[in-house]
Amino acid sequence: MGMVHFMSMVWRRLLRKRWVLGIVFGLSLIYFLTSTFKQEERTVHDRNLLQVQEHEPIVWKVQFSLGNSSQLSNQCRNSVQGKLFITDELGYICERKDLLVNGCCNVNVPSTKLYSCDSCLPNGCCSVYEYCVSCCLQPNKQLLLERFLNRAAIAFQNLFMAVEDHFELCLAKCRTSSQSVQHENTYRDPVAKYCYGEYPPELLPV
């Protein structure tokens, strides 16, 4: 107990001396500057990383001409999962039964439509995913999509980092996301929930 009292007395006397306070202040200042420098270094590193990850320019035009889509020389990517409809990368939407073996819609079938916005509202939200993709592929939607990409927050934009062309962007953009949902599990608009537009669907009363 006497030793504790003695050490406490020595400590109090030391603290009264200005040079001890100076050392404590100096060490605190060094710690603060080191922490600030490390934070700045981390910020610069993150900024450089983002610059490296900046998106390559998107290809806005499919690289082959349609010609006769019944020929197998041209292979189409398409929206794949639709039970009733399929949209190919040229912007054609058709019934699944009218999809050719090369992945393209059969343009000789009357029900096949190009750049169709059926089921889509003026705000760019559609009730059918495949119509959303087809409408989004209209050449005049390029500026709208570019504005969206430029304005999207970095965290959101990272969802589109792997997108290389207009078709892939429309596939990704039309998928339902957190933008289409309110209260985590309820669609903002339960009917028109597939959106290619710049803004999420309007909030509906709950």
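From the N terminus on, the elements of the chain follow the order α-α-β-β-β-β-α-α-α-α-β-β-β, which adds up to six helices and seven strands. Helices here are DSSP runs of H or I with at least four residues, strands are runs of E with at least two, and both are numbered from the N terminus. The model is predicted, so local features need pLDDT of at least 70 and side-chain atom pairs count only at pLDDT 80 or more, while totals for chains, interfaces and linings use all residues. Residues are numbered from 1 along each chain as its sequence is written, and side-chain values use heavy atoms, with hydrogens and water left out.

**The chain as a whole**

Of the 206 residues, 33% count as buried. Buried means under 20% relative accessible area, exposed means over 50%, and partly exposed lies in between (1.4 Å probe, protein chains only). Residues 24 or more positions apart account for 50% of the contacts with a separation of 6 or more, where a contact means heavy atoms within 4.5 Å.

**Helix α3 and the cores**

A good place to start looking is helix α3, residues 129–136. Eight of its eight residues are buried, so this helix is largely enclosed by the rest of the structure. Among them are Y129, V133, C135 and C136.

The largest nonpolar core has 24 residues, and V133, L169, C174 and Y196 touch the most other members. The elements giving two or more residues to this core are α3, α4 (142–151) and α6 (166–174), and the largest share, six residues, comes from α3. Such a core is a set of buried Ala, Val, Leu, Ile, Met, Phe, Trp, Tyr and Cys residues joined through side-chain atoms within 4.5 Å. Leaving aside neighbours within four places in sequence, V133 is in contact with T87, F167, C170, L171 and C174. A second, separate core of six residues includes L90, C94, C104 and C105.

**Disulfides**

A search of the whole structure finds seven disulfides, each a pair of cysteine sulfur atoms within 2.5 Å. Here are some of them.

| Pair | S to S distance | Torsion about the S-S bond | Hand |
|---|---|---|---|
| C94 and C105 | 2.2 Å | about -75 degrees | left-handed |
| C117 and C135 | 1.9 Å | about 85 degrees | right-handed |
| C136 and C170 | 2.0 Å | -80 degrees | left-handed |

C117 lies in the loop between β3 and β4 and C135 in helix α3, so their disulfide ties together parts that are 18 residues apart in sequence. C117 is partly exposed at 27% relative accessibility, whereas C135 is buried at 1%. The link of C136 and C170 joins helix α3 to helix α6, 34 residues apart. C136 is buried at 0% relative accessibility, and C170 is buried at 0% as well.

**Rings and backbone**

Two aromatic pairs are counted. Rings of Phe, Tyr and Trp (its six-membered ring) pair if their centres lie within 6.5 Å; planes under 30 degrees apart count as stacked, over 60 as edge-to-face and the rest as tilted. Y129 and Y194 form an edge-to-face pair, 5.8 Å centre to centre with 70 degrees between the planes. Y129 belongs to helix α3 and Y194 to strand β7 (residues 194–195), so the pair ties together parts that are 65 residues apart in sequence.

Finally, have a look at the loop between β3 (113–114) and β4 (125–126), which holds Y115. Phi of Y115 is near 50 degrees, a positive value in a residue other than glycine. S119 is in the loop between β3 and β4 too, with phi near 75 degrees.
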